[in-house]
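Colleague: Could you take me through this model and tell me how each label is earned?
Modeller: Gladly; ask away.

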Amino acid sequence: MSKTPPAWLLPGPFPAEFPTEERCFITELMNDPACPEVSLALARVAPGVTTRLHHLLGTVERYVIQRGAGLVEIDGLSAFVAAGDRVLIPAGAAQRITNTGENDLVFQCVCAPRFRPENYVDLGD
C-alpha cells in the first residue's frame with residue numbers, strides 16, 4: 001500500500017475549531033480546493049450570542065441544527081429552530097442566528113459552492 005494518499009482522500013484530523021469575527025466558532029470539516037462544489041463546517045454559537053448580520057455572495061448555505069435552540073433570521077423573517085431543523089439560505093440573503101437556549105447551539109453548515117472568506121459580506125450588527 002502506498003504511503004501517499006489518493007487524490008480523493010483528504011486525510012484527518014479535522015482542523016481545530018476557531019473563533020470568528022461573526023461571533024461563533026467554526027470547525028472546517030471539509031473546505032478544500034480539491035472539492036470546489038461544496039464545503040461542510042460545524043458551527044457553535046454560545047448561549048445568548050447573536051451572530052453578525054451578513055450574506056454570502058454567490059453561495060447557497062444550508063444549516064442542519066444538531067443541538068440547542070435558536071432564532072434564525074433570513075432577509076428580515078425570523079423562525080425558532082431546534083435539533084433536527086434544517087434551514088435553507090439563498091445566496092445573497094441577509095442572515096444571522098441567535099442562541100436562545102442555555103447550552104451551545106451547534107449546527108452543520110453546507111455551502112455550495114464551497115465557503116470562501118472573500119464571499120462573506122458583513123452587514124453590521
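Colleague: What makes arginine 44 count as lying over the face of phenylalanine 25?
Modeller: In this predicted model, arginine 44 is placed 4.2 Å from the ring centre of phenylalanine 25. A charge sits over a ring if CZ of Arg is within 6 Å of the centre and within 35 degrees of the ring normal, and arginine 44 is listed as lying over the face.

Colleague: Thanks! Which residues pair between strand β2 and β3, and how do you know that the strands pair?
Modeller: Pairing needs at least two bridges, and β2 (residues 25–30) and β3 are joined by 5, running antiparallel. As one example, isoleucine 26 has alanine 43 in β3 as its bridge partner.

Colleague: Where do these strands sit in the open sheet, and what is its order?
Modeller: The sheet has 6 strands, ordered β1-β2-β3-β10-β5-β8, with antiparallel pairing.

Colleague: Why are β1 and β8 called edge strands?
Modeller: Each of them pairs on one side only.

Colleague: Now the aromatic residues. How many aromatic pairs does a search of the whole structure find?
Modeller: There is 1. Tyrosine 63 and phenylalanine 107 have ring centres 4.4 Å apart and planes at 45°. The centres must lie within 6.5 Å, and an angle that is neither under 30 degrees nor over 60 counts as tilted, so this pair is tilted. The two rings come from distant parts of the chain: tyrosine 63 belongs to strand β5 and phenylalanine 107 to strand β10, 44 residues apart.

Colleague: Why is tyrosine 63 called buried, and what about phenylalanine 107?
Modeller: Buried means under 20% relative accessible area. Tyrosine 63 has 3%, so it is buried, and phenylalanine 107 has 2%, so it is buried too.

Colleague: Which residues have the most contacts inside the largest nonpolar core?
Modeller: That core has 17 residues, and the best-connected ones are Tyr63, Ile65, Val72, Val87, Ile97 and Phe107. At least two core residues come from each of β3 (39–45), β5 (60–67), β6 (69–74), β8 (86–89) and β10 (105–112).

Colleague: What does isoleucine 65 touch, beyond its neighbours in sequence?
Modeller: Leaving aside residues within four places, isoleucine 65 is in contact with Val81, Ala82, Ala83, Gly84, Asp85, Ile97, Leu105, Val106 and Phe107.

Colleague: Why is strand β9 described as largely enclosed?
Modeller: All 5 of the 5 residues of β9 (residues 95–99) are buried, so the rest of the structure largely encloses the strand. Gln95, Ile97 and Asn99 point one way, while Arg96 and Thr98 point the other way.

Colleague: How do you know that β6 and β9 pair?
Modeller: At least two bridges are needed, and these strands have 5, in the antiparallel sense. Glycine 70 stands opposite asparagine 99 in β9.

Colleague: Last topic, the loop between β4 and β5. Is threonine 59 buried or exposed?
Modeller: Threonine 59, in that loop, has a relative accessible area of 2%; with the limit at 20%, it is buried. Threonine 59 touches Pro90, Ala91, Cys111, Ala112, Pro113 and Asn119, not counting residues up to four places away.

Colleague: And why does leucine 57 count as partly exposed?
Modeller: Leucine 57 is found in the loop between β4 and β5. The partly exposed class lies between 20% and 50%, and leucine 57 has 42% relative accessibility, so it belongs there. Beyond four places in sequence, leucine 57 touches Glu118, Asn119 and Val121.

Conventions
Residues numbered from 1 in each chain as written. Predicted model: local features only at pLDDT ≥ 70, side-chain atom pairs only at ≥ 80, totals over all residues. Heavy atoms only, no water. Core = buried A, V, L, I, M, F, W, Y, C linked by side-chain atoms within 4.5 Å. Buried < 20%, exposed > 50% of the residue type's maximum accessible area, 1.4 Å probe, protein only. Helix = DSSP H or I, 4+ residues; strand = E, 2+ residues; numbered from the N terminus. Contact = heavy atoms within 4.5 Å. Phe/Tyr/Trp six-rings, centres within 6.5 Å; stacked < 30°, edge-to-face > 60°.
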